[in-house]
Amino acid sequence: MTPVRYERLGETVYRETLPNGLEIRVVPKPDHVKKYAFFATRYGGMDTRFQLNGKWLDTPAGIAHYLEHKMFDTKEGNALQELAKNGAEPNAFTSNAMTGYYFDSTDHFAENLEILLSFVSIPYFTEESVAKEQGIISQEIRMIEDNPDWQIYARLLRALYRAHTARTSIAGTVESISHITAETLYDCHKAFYTPSNMILTVVGNVDPGEVSGLARRVLPKEGGPVIPRDYGDEPEALAERETRLAMEVSSPQFLTGWKCRPVPEGEDRLRRMVLGDLACDLLFGESSPLYQRLYSQGLINSSFGGAFELMPGVAYLYAGGESKEPRTVAAELQKEADRLVREGVDADFFQRTLRASFGSSLRGLNSFENIAVSLTEGYFGGYDPFRFPEVFDAITQRDVLDFLRDNVTVERSALSEIVPKEA
Amino acid sequence: MTRTQLAGGVFLTYLPAKKFKTSLLSAQFVVPLRWETASANALIAAILRRGAASFPDMGALSRRLDELYGARIDVTIRKKGEAQCVGFVASLIDDCFAPGEERLLEPAAALLGELICHPVTRDGLFLEEYFESEKTNLIDAIRSILNDKRAYADSRLLQEMCTGEPYGVPRLGNEQITAALHPQLLFDAYRELITSSRLEIFYSGSAERSRVEDALRAALADLPRADVEPPPELVPHVLPEEPRTVSERLDVTQGKLGMGFSCGSKDSAALLMGNTLFGGSSNSKLFLNVREKLSLCYYASSLYHRQKGLITVSSGIEFENYQRAYDEIMAQLEAVRKGQLEDWELEAARSTLLNAYASMGDSQGKLENFFLGQAATGRDESPEDLADQVRAVTPERIFEAMGTVKLDTVYFLQGKEAEA
């Protein structure tokens with residue numbers, strides 16, 4: 001494995017690409033007891049239409065997440081129990097663009113890593129075991145449907161995007177998952193769980209050579225073909241300007257979002273992510289004039305916040321929280337973005353924001369989970385996330401204002417609201 | 001780890017570590033959890049966070065935090081046993097990562113001291129504007145627990161189960177009591193809080209202890225100190241003669257079944273193991289049976305409340321599956337009591353707990369939360385001590401301790417459509 005030193009972060013990352021195409025990253029943490037392994041495939045809730053063996057397949061919404069649930073089944077029983085016997089705490093998640101399996105443990109690391117690599121690479125389902133999962137996932141779907149934070153976010157994405165599969169709910173619906181069979185799960189596994197579509201990241205007190213040796217031994221020798229995916233033909237225009245739902249909540253909530261220009265894979269992604277984060281800080285961060293004004297006017301409270309998100313073919317910036325007057329706040333956000341573009345940012349405020357944003361990126365490196373997920377997203381997105389200090393050095397006020405002018409405009413914005421049900 | 005007294009009723013828990021990017025500095029007032037004072041204390045912390053005499057508004061304060069490389073100061077209000085812990089947790093990048101090798105610990109400590117000792121006042125009271133807006137925010141925060149139905153159901157179960165006991169008081173108190181707070185009463189409560197309640201400080205980071213102590217002594221030089229109240233005695237839980245059932249209707253699509261149990265045994269290591277086997281991990285009997293075998297739910301788990309000797313079960317189910325889920329949860333508890341365990345279950349439960357204790361030192365947040373819990377409830381075991389206790393637990397002790405676990409209260413949240 002080849003070490004790359006990041007002096008300003010005090011970290012070293014060992015990297016290697018195996019002959020089967022698997023990427024490996026190891027971040028040694030000699031002073032920690034915990035070891036964390038994260039094994040991810042570039043396959044998520046948005047990958048419902050793809051080509052396998054020359055044929056386009058349309059798969060039900062929620063299938064990547066369903067597959068994640070079923071991967072823990074093994075011929076011998078269940079990988080959760082195998083890992084638990086060694087005190088490891090395993091889990092997994094499915095996002096729009098990836099599925100990740102992970103554990104942390106203090107003992108028996110090599111044995112645990114071997115279990116992780118084998119259960120994720122060897123599928124084992126029967127019609128019966130697939131059918132049994134319907135009840136469990138249906139309850140997961142019911143649970144998130146009762147969650148206003150999920151509703152408001154999902155509805156914002158459906159307002160921003162007309163065709164792109166980012167609007168598909170990751171877990172699917174109780175109806176859509178009823179069409180999932182063992183056969184479709186095997187197809188999806190075959191297409192996306194090949195070493196060349198995956199990355200293994202380990203953080204902790206481990207020997208990088210041991211990790212790569214184990215991956216070579218356990219995983220299939222061959223990679224797979226590149227799988228063409230169809231995310232839909234997304235126009236620049238929004239699907240809806242506004243969307244509103246009544247639920248059993250204590251107060252109105254809102255999320256306002258801007259459909260931004262998508263960013264192709266490559267190093268520029270990291271720069272765009274840093275720009276998006278800075279744009280959020282300058283526009284509505286806790287130190288911003290707007291945040292302070294809206295907070296003192298009682299229009300927002302500490303639930304207010306937002307972020308910039310990137311996925312393949314998708315980029316959006318959003319902000320929201322509880323508010324008695326969502327429309328006023330949404331309008332104020334737009335006015336402030338327009339004002340910044342027109343008048344610029346106070347130079348001292350800009351410098352402070354850069355400083356604070358750097359500190360918060362650095363803080364993120366305390367978390368093993370966060371390190372592993374960033375390195376994974378960086379690999380899938382074609383950039384090195386640990387180069388952020390250099391990216392910060394090169395960013396000017398002009399860059400952030402250009403970002404705001406190009407992306408945070410009234411034509412690009414949609415509003416999602418949740419209001420309390422009438423008693 | 002060392003815990004030393006810095007001043008009357010002021011204690012520093014020093015947790016040296018060079019492996020983090022950040023330092024953590026936490027200052028927590030520990031007071032008895034009571035309906036009468038819980039909301040006032042929560043409101044005081046929120047008002048103090050609005051500004052101090054030298055940084056009188058959010059603008060000045062956030063400017064200062066930005067200068068310290070995006071240091072964060074978060075208000076925390078936590079329930080530990082029957083104590084309420086109110087204060088601030090500051091997180092700042094460790095000095096060795098500050099470009100130019102600036103010292104960040106001293107200014108951060110000074111800022112915390114300012115927030116605690118020198119609030120912005122007018123005519124001897126908090127600024128009316130801060131008082132009113134934070135009062136509204138607190139009421140909104142108390143109401144907003146309704147938005148997370150699982151947390152809402154869990155909190156309702158504890159309230160019903162521990163009516164009349166401090167343990168039933170939610171960490172933020174309630175809406176009616178908050179609404180009745182007025183400026184004079186609140187300022188008096190603030191003076192009382194900083195003068196006569198215990199202050200527990202935690203530091204994790206790379207600085208030497210003497211440097212941390214000096215920074216804190218300077219920062220807290222103006223803290224008024226009188227006789228400090230001893231930690232509250234825990235009120236023992238009273239088991240009803242018959243289990244109680246409470247149900248509630250809201251407009252939801254998923255039902256929430258909560259079950260509260262009272263533990264007669266005092267063998268807390270055995271109960272902890274018993275609970276882990278019952279519903280405390282993703283390999284527990286509840287997970288493997290209620291979820292995996294019967295597909296009744298996505299989540300069904302149990303929590304052991306060590307300080308109070310309770311176990312609570314939380315699950316999300318279809319409304320019509322109430323009885324099946326109830327029966328299965330009771331059956332699984334019975335299985336643990338009778339020792340119907342497969343060989344691997346016991347060792348998996350033990351390793352899960354040992355792994356959690358062993359890795360605690362890798363997270364500043366977990367360390368702070370653990371040692372605060374210990375200090376607030378008058379305990380002094382380290383994570384290693386607790387790990388040793390878990391290692392020593394025998395199956396017989398588990399069965400005996402779990403044999404004293406009795407159903408106390410059932411809470412069921414169901415949908416409105418069923419009314420028709």
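Helices here are DSSP runs of H or I with at least four residues, numbered from the N terminus. Keep that in mind for α12(B), the element that gives the most to the lining of the second largest pocket, with 5 residues. One thing to know up front: this is a predicted model. Below is a quick tour of that pocket, of a strand that helps to line it, and of an open sheet in chain B that has a helix from chain A packed on it.

**The second largest pocket**

- This pocket has a volume of about 450 Å³.
- It is lined by 28 residues, and the closest to its centre are B:Leu354, B:Tyr357, B:Ala358, B:Met360 and B:Glu384.
- Four elements of chain B each supply at least two lining residues: β2 (10-16), α12 (343-359), α13 (364-376) and α14 (383-392).
- Sorted by class, the lining comes out as 14 nonpolar, 9 polar and 5 charged residues.

**Strand β2(B) and its partners**

- β2(B), one of the elements that line the pocket, is mostly covered, with 6 of its 7 residues buried.
- One partner is β1 (residues 2-7) of chain B, which pairs with β2(B) in the antiparallel sense over 5 bridges.
- In that pairing, B:Gln5 sits opposite B:Phe11.
- β1(B) and β2(B) make a hairpin with 2 residues between them, and B:Gly9 in the turn shows a positive phi of about 65°.
- Another partner is β8 (residues 198-205) of chain B, which runs parallel to β2(B) and is joined to it by 7 bridges.
- Here B:Leu15 faces B:Ser204, standing opposite it.

**The open sheet in chain B**

- Strands of a sheet pair through backbone hydrogen bonds, either parallel or antiparallel.
- In chain B, 5 strands build an open sheet with mixed pairing, in the order β9-β13-β10-β12-β11.
- Its edges are β9 (244-249) and β11 (297-305) of chain B, each of which pairs on one side only.
- On average, neighbouring strands of this sheet are turned by 15° against each other, direction ignored.
- Within the sheet, β10 (residues 255-263) and β12 (residues 310-317) of chain B run antiparallel, with 8 bridges between them.
- B:Gly255 of chain B has B:Ile317 in β12(B) opposite it.

**Helices against that sheet**

- From chain A, helix α4 (residues 127-145) packs on the sheet and touches β10, β11 and β12 of chain B, its direction making about 75° with that of β11(B).
- From chain B, helix α11 (residues 322-337) lies across β9, β10, β12 and β13 (405-414) of chain B, running at about 30° to β10(B).

Conventions
Residues are numbered from 1 along each chain as its sequence is written. Chains are lettered from A and ligands numbered from 1 in the order in which they are written. This is a predicted model: local features need pLDDT of at least 70, side-chain atom pairs count only at pLDDT 80 or more; totals for chains, interfaces and linings use all residues. Side-chain values use heavy atoms; hydrogens and water are left out. Two strands pair if DSSP finds at least two bridges between them. Axes are lines fitted to C-alpha atoms, for helices over the stretch in contact, and angles run from 0 to 180 degrees between N-to-C directions. Contact means heavy atoms within 4.5 Å. On a 1 Å grid over the protein atoms alone, a cavity is a set of points where a 1.4 Å probe fits but cannot get out, and a pocket is an open set with protein on both sides within 12 Å along at least five of seven lines; lining residues have an atom within 4 Å of a point. Grid points are joined across faces, edges and corners, and a volume is the space filled by probe spheres set on the points. Ala, Val, Leu, Ile, Met, Phe, Trp, Tyr, Cys and Pro count as nonpolar, Asp, Glu, Lys and Arg as charged, and the others, Gly among them, as polar. Buried means under 20% relative accessible area, exposed over 50%, partly exposed in between (1.4 Å probe, protein chains only).
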